[in-house]
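Please take me through this structure one selection at a time, saying at each stop what to pick in the viewer and what is found there.

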Amino acid sequence: MKRARGFSANVANQRCGIIPCMNSSLLSGLNPEQRQAVTLPHQSALILAGAGSGKTRVLTTRIAWLISTGAVSPHGILAVTFTNKAAREMLTRLTAMLPINSRGLWIGTFHGLCNRMLRAHYREANLPQTFQILDSGDQLSAIKRLMKAMNVDDEKYPPREMQNFISGSKEQGLRAHEVEAYDPYTRRKVEVFAEYDAQCQREGVVDFSELLLRSYELLSRNAAIREHYQERFRHILVDEFQDTNKLQYQWLKLLAGRHSALFAVGDDDQSIYAFRGAHVGNMQELTRDFHVENIIKLEQNYRSHGNILDAANALISNNRSRLGKNLWTAENGGELLRVYEAPTDVEEAGFIVSEIQLLKSEGVNLKEIALLYRSNAQSRVLEHALVSAGLSYRVYGGLRFFERQEIKHALAYLRLMENTGDDNALLRIINFPTRGIGARSIEQLQEAAKMNSAPLWDAAAALTRRCEASGAGEAASHPLPQSAGPASNVSRDVARAGGKVTAFVALIESLRSATRELPLPEIMDHVLEHSGLIAYYRNETGAKKREAEERLENLNELVNAATLFVHENEDDSLTAFLSHASLEAGEHQAGDQDDALHLMTVHAAKGLEFHTVFITGLEEGLFPHQNSQNVDGGLDEERRLMYVAITRARRRLYLSFAQSRMLHGQVSYGMASSFLRELPENLLHWITPRVAQRSAFARSFTPQHDAPPASPVQRSSAPSIWRSGQAVFHTKFGEGMIVNLEGSGSDARVQVNFRKAGVKWLALEYAKLTPVD
DNA sequence: CGCACGTGGTTTTTT
DNA sequence: ACCACGTGCG
């Protein structure tokens with residue numbers, strides 16, 4: 001056996017007998033560039049990793065290599081990703097390569113790692129030990145509540161916009177007082193921003209961007225802590241570096257000390273998140289700031305056939321200011337890209353369904369097929385067609401487990417038990433399930449709390465004490481004379497509401513004391529039962545019965561999640577679980593089918609791959625999206641999005657568009673996407689006749705009813721019966737469905753998928769074909 | 001308190 | 001067309 005050469009292997013050899021062998025096997029199968037990246041000496045590097053070039057493999061192998069050669073201990077590694085999924089993937093692959101204990105390894109998302117750091121130094125970060133994390137929804141309700149208290153006009157200042165302003169500023173690394181505000185409008189927003197931060201601080205909560213900013217400030221202000229981490233993390237590795245925002249990059253720079261090497265992996269061509277603050281410029285800045293001498297390019301693609309890659313390369317070459325990269329593959333060209341022009345969105349969906357049925361009959365698994373679209377609304381018409389055809393599918397996106405109403409309610413009980421300063425949590429549950437505490441009582445609590453600048457909980461508890469002292473029953477037992485006046489009415493109201501509030505305070509107190517010593521799943525169980533949540537959903541009848549049953553199932557699932565969490569995590573405290581719930585909102589949807597089609601936005605498809613991909617709705621205004629036209633660099637980002645979409649396909653790629661589609665409740669007519677024109681013609685196979693192609697490009701707005709698509713097959717007799725999806729009968733082959741049309745006049749041919757005889761091309765002029773209803 | 005009805009918005013999204 | 005949110009009534 002060839003020995004791994006030199007010193008490093010010997011060092012490893014002394015530490016662990018099996019490692020030299022592992023070491024060489026680590027590198028086997030890597031191409032020269034991958035190997036160069038993996039075995040880079042201790043220096044900062046930028047790895048420009050194209051789609052499907054083995055990016056994750058390089059990243060994980062680099063870590064394994066560093067550890068196995070003894071260059072660094074697991075303790076000295078910091079590896080950062082954007083999603084929990086990516087972090088899990090990295091950890092799984094790494095532990096498969098190296099028998100190491102993952103404890104002490106800092107592999108996680110930016111937010112997860114910042115959380116970890118802030119927990120460890122909560123005092124220095126000026127946070128309570130049990131600080132909780134607001135997800136975007138929590139943040140929005142906190143902002144709405146604050147704006148109400150500050151009397152901010154929510155028409156002039158939409159809360160959503162305010163939220164973007166606050167998060168956006170923090171992601172630039174800016175506190176309220178650092179934001180430039182030259183006009184009264186912005187100054188007001190800055191005021192709200194400042195107040196919002198104060199409110200969060202009072203309530204002991206942090207939002208997502210605060211996790212990062214607070215961690216950044218901790219490091220920049222506290223030299224001892226900063227030096228500790230700089231000394232510790234000899235190797236910092238970043239995944240999807242093109243997606244980092246300014247604050248994340250600053251954070252990385254602060255963590256990287258004199259002895260640290262930053263290993264950044266990214267692809268500027270796949271930067272599709274500028275709209276949420278991602279700053280591709282970080283790649284250029286990195287090469288300057290960290291004196292990166294040569295950028296390693298991973299350009300060999302292991303995913304797609306040649307024609308698909310050529311199309312992707314051609315498209316992306318239209319973007320200016322790229323770092324420059326050209327994907328190639330050892331595979332052959334493979335199939336041409338199939339382009340389909342449909343008269344309507346419904347027919348586009350029909351075509352897709354018939355193609356899928358064809359693929360299925362050829363043995364392609366449904367889960368190997370993806371239907372991609374630019375915006376979520378487009379899934380509806382596709383879903384409709386799939387349901388009709390009885391094809392199982394799974395839509396990605398939408399509500400996730402920990403974001404569900406019933407789960408948020410349950411967690412709010414736990415949050416309030418843990419931290420009575422959490423007004424968000426209190427407001428969510430003080431009257432859910434309903435316990436007679438209405439808007440009026442809550443207002444009174446808020447007034448009292450504001451007066452003492454105390455949390456709502458304290459006001460509620462004080463009310464409880466007052467009721468006990470003065471006797472809550474007094475006002476109720478003495479019927480008040482009519483002349484008693486408003487003051488007495490108020491005190492009566494307070495007393496009556498006080499009773500209810502008292503009961504609520506007592507409930508929380510009793511939940512707390514009853515669960516003090518219990519393990520997490522039992523705490524959960526107890527709280528679900530005694531909060532009245534379970535009873536509430538159980539009592540639901542009528543139209544909401546089904547929904548309530550599902551919610552009960554989810555609550556049950558929450559107990560399971562807690563059990564799992566306890567098994568998988570060292571720190572199984574309630575605080576840790578609540579952080580987990582905020583940072584990892586869980587799966588989008590339960591009950592995934594074994595073999596189901598994947599429906600998702602192009603954004604959601606990043607990082608995934610499929611045998612066959614349908615890119616749908618390729619119309620000017622939809623993809624590229626209309627709104628991108630007004631944004632600087634908007635079209636380039638749309639093109640990168642298209643590039644991502646194309647490079648998801650391994651073997652077959654469909655590009656489809658419709659002449660008309662239902663949009664915002666209205667039929668709108670569009671042109672073929674300009675991106676189609678950017679693809680080399682010799683790579684495309686137009687399934688619709690070429691005449692139709694030209695007309696699609698030339699036509700601006702042509703309502704289809706007065707000018708049917710110039711398909712030669714259809715030109716002879718207005719609206720032709722021969723179209724995709726049409727069921728037909730053939731005297732010899734039996735029943736089938738038209739899946740393709742081609743040629744014109746006497747050359748016109750149709751492709752039919754026959755139920756028994758399989759797929760055949762038939763010349764319309766000769767074939768004895770009859771349409772079937 | 002809870003439901004009915006009206007209104008406005010509608011690219012992409014992780015943490 | 002559809003959904004989420006807010007207001008007003010019973």
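Why is strand β1 (residues 45-49) largely enclosed by the rest of the structure? Select residues 45-49: 5 of the 5 residues of β1 are buried, so the strand is largely enclosed, where buried means under 20% relative accessible area, exposed means over 50% and partly exposed lies in between, with a 1.4 Å probe and protein chains only. Strands here are DSSP runs of E with at least two residues, while helices are runs of H or I with at least four residues, and both are numbered from the N terminus.

Before going further, note that this is a predicted model, in which local features need pLDDT of at least 70 and side-chain atom pairs count only at pLDDT 80 or more, whereas totals for chains, interfaces and linings use all residues. Residues are numbered from 1 along each chain as its sequence is written, chains are lettered from A and ligands numbered from 1 in the order in which they are written, and side-chain values use heavy atoms, with hydrogens and water left out.

Staying on β1, colour its two faces separately: A45, I47 and A49 lie on one side and L46 and L48 on the other, and all are buried. Now add strand β7 (residues 261-266), which pairs with β1 in the parallel sense over 4 bridges, two strands being paired if DSSP finds at least two bridges between them. Within this pairing, L46 stands opposite A264. Strand β8 (residues 296-298) is also parallel to β1, with 3 bridges, and here A49 faces L298.

Move next to L78 in strand β2 (residues 77-81). L78 counts as buried because its relative accessibility is 1%. Show I236 as well, since the C-alpha atoms of L78 and I236 are 4.7 Å apart although 158 residues separate the two in sequence.

For another covered strand, select β10 (residues 369-373), where 5 of the 5 residues are buried. I369, L371 and Y373 point one way from β10, and A370 and L372 point the other way. L372 is a useful residue to centre on: its bridge partner in strand β13 is I615, and its bridge partner in strand β12 is M600. β10 runs parallel to both, with 4 bridges to β13 (residues 610-615) and 4 bridges to β12 (residues 597-601).

Now display DNA strand B, which is surrounded by 26 residues, the closest being N84, S136, R374, N376 and N431; a residue is near a strand if one of its heavy atoms lies within 4 Å of it. Of the DNA strand B atoms within 4 Å of the protein, 60% belong to sugar or phosphate and the rest to bases. Zoom in on S136, which has a polar side-chain atom 2.7 Å from a base oxygen of DNA strand B. Then turn to T601, where a polar side-chain atom lies 2.8 Å from a phosphate oxygen of DNA strand B.

Finally, switch to DNA strand C, which is surrounded by K144, R380, M662, H664 and G665. Sugar and phosphate make up 40% of the DNA strand C atoms that come within 4 Å of the protein.

Methods: Polar contact = N/O pair within 3.5 Å; in protein donor to acceptor, adjacent residues only side chain to side chain.
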